[in-house]
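This report describes the pockets of one protein model and a helix that contributes to a pocket lining. The sequence and structure are shown first.

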Amino acid sequence: MSSQTELQHGTVRNYVDGEWTTPAADGEDVTNPATGESIARVGYSSAGDVDEAVTTGQDAFEEWHRRPVEERIQPLFELKQLLEEHQDDLAALLVEEHGKTVGEAKGELRRGIENVETACGIPTLMQAGHVENAAPAIDETAVRKPLGVFAAVTPFNFPGMIPLWFLPYAVATGNSFILKPSEQTPLTAEYLFDLIDRAGFPDGVVQLVHGSVDTVNAILEHDGIEGVSFVGSTPVAETIYETAAANGKRVQAQGGAKNHVIVTESADLEFAAEKTVGSALACGGERCLANDVAVVEESVYEEFVDLVREEVERQVVGNGLDEGTTIGALISADHEQRVRNYVETGVQEGAELIHDGRDVTVEGHEGGNFLGPCVFRDVTSDMVIAREEIFGPVLGLLPASGIEEAIDVLNESEFGNAASLFTGSGADARRFRHRAEAGNLAVNAGTAAPMAFFHFGGRKDSFFGDLHAQAEDVVRFYTDETIYIERWPDA
């Protein structure tokens with residue numbers, strides 16, 4: 001960790017025009033979820049702070065977008081190397097402010113690095129098309145051009161990965177970029193920008209502003225910002241989409257989820273149980289790809305329930321920095337209580353709680369936000385715990401007569417982020433592929449997480465916009481195609 005990041009661990013700062021600056025207003029404490037102790041203080045940026053970043057970004061854009069594309073990607077190569085070298089320190093810091101395990105933090109950072117690598121291929125990704133003799137003596141060429149200043153508002157649950165869904169592509173295509181990270185996990189963003197500072201980007205091309213609702217509103221309303229990317233809950237995603245679009249901006253807003261895993265009688269049940277539990281409980285369930293409802297064919301339902309119970313009993317709740325921990329702390333005391341309320345709702349609805357993690361304790365961490373895995377059986381699709389995003393270590397098991405009913409249950413959801421199928425039948429896999437209404441689908445894999453060279457899908461109330469994060473979709477989001485029509489007739 002650089003001296004700058006170590007120095008600012010107590011007071012988190014903005015990064016504007018190549019300089020570390022203090023936000024206009026005092027904000028809130030950053031708390032270690034495993035201890036309940038304050039580890040830093042993050043300020044709130046004003047509309048004036050945002051305006052300064054936008055103005056600086058516009059000035060930087062004028063020179064940056066004229067640079068040859070091969071020059072624009074050189075700082076990304078350097079950033080990739082710096083991320084590799086500092087991955088362990090960055091992961092430890094991420095765990096300290098988020099609560100997930102070290103392994104989960106490193107996995108998240110690896111996914112972020114993959115996006116930096118993919119963005120280094122922007123000379124190819126920006127190519128559009130050319131047709132000779134599109135009409136008599138006329139050639140036509142499509143060229144992708146950057147637009148100016150873009151911003152992203154990112155969530156607490158993947159503070160290292162999600163900014164890198166957007167940042168590398170925005171700057172590689174020739175735009176300037178402003179990040180507004182979650183106020184709950186700002187230290188990871190600060191460390192990331194310390195590495196960006198070293199990578200060699202020109203001042204003003206990549207900037208960081210901290211803050212809360214007022215800061216986000218200033219971003220959404222600023223005339224100098226061309227587009228906004230967002231990841232978070234569905235109600236906020238919808239508001240972001242409507243507000244930014246009303247202000248004439250491009251918008252991609254990833255919302256919440258209620259993901260399902262389907263298990264058929266032909267599946268490897270032990271493997272399916274292991275991956276289902278891992279999908280539901282990884283990162284404490286605080287992720288939009290968690291499959292927290294398992295719809296299981298009746299003929300193998302009881303056997304699968306027993307296998308899930310055995311797998312859950314092997315989980316270890318504790319400090320994410322401790323070796324052996326598989327489930328870390330939840331982000332805040334308020335969020336822990338919210339998840340506990342959902343568990344109580346499930347009990348009241350009549351689902352059977354076959355594993356109750358509400359009484360878990362972690363020795364030496366009595367002030368932490370810990371909740372053990374909670375598993376319900378005999379859930380029905382009309383229950384609250386089957387319909388609403390819980391965002392915690394809660395798994396519901398639901399029997400179904402077969403693959404068709406299971407897919408119907410999946411498709412009833414208002415969300416459409418992800419789904420998984422465990423089966424040994426190619427016919428069932430084909431039905432799933434054709435009928436399942438979700439943007440990310442997996443067969444015999446617990447989590448439908450696309451690699452960086454594919455876009456991150458999402459449908460229905462899980463996504464608002466046209467172009468998604470990652471890969472070619474986000475390249476199109478950050479550029480506009482100009483069509484050149486040329487005629488050079490013979491003399």
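Helices (H or I, at least four residues) and strands (E, at least two) are DSSP runs, numbered from the N terminus. The model is predicted, so that local features need pLDDT of at least 70 and side-chain atom pairs pLDDT 80 or more, while totals for chains, interfaces and linings use all residues. Residues are numbered from 1 along each chain as its sequence is written, and side-chain values use heavy atoms, without hydrogens and water.

A pocket is an open set of points on a 1 Å grid over the protein atoms alone, where a 1.4 Å probe fits and protein lies on both sides within 12 Å along at least five of seven lines; lining residues have an atom within 4 Å of a point. Volume is the space filled by probe spheres set on the points, which are joined across faces, edges and corners.

| Pocket | Volume | Lining residues nearest the centre |
|---|---|---|
| Largest | about 800 Å³ | F156, F230, G232, S233 and V236 |
| Second largest | about 410 Å³ | R111, F158, M161, R287 and A449 |

The largest pocket is lined by 32 residues. Helix 10 (213-221), strand 11 (225-231), helix 11 (234-246) and helix 14 (333-349) each give two or more residues to this lining. The second largest pocket has 18 lining residues, and helix 6 (residues 102-119) gives the most, with four.

Within helix 10, T215, V216, A218, I219 and L220 are buried (under 20% relative accessible area, 1.4 Å probe, protein chains only). The cover over these buried residues includes strand 11 and helix 11, along with strand 5 (38-44) and helix 2 (47-64).

How values were computed
Buried < 20%, exposed > 50% of the residue type's maximum accessible area, 1.4 Å probe, protein only. Contact = heavy atoms within 4.5 Å.
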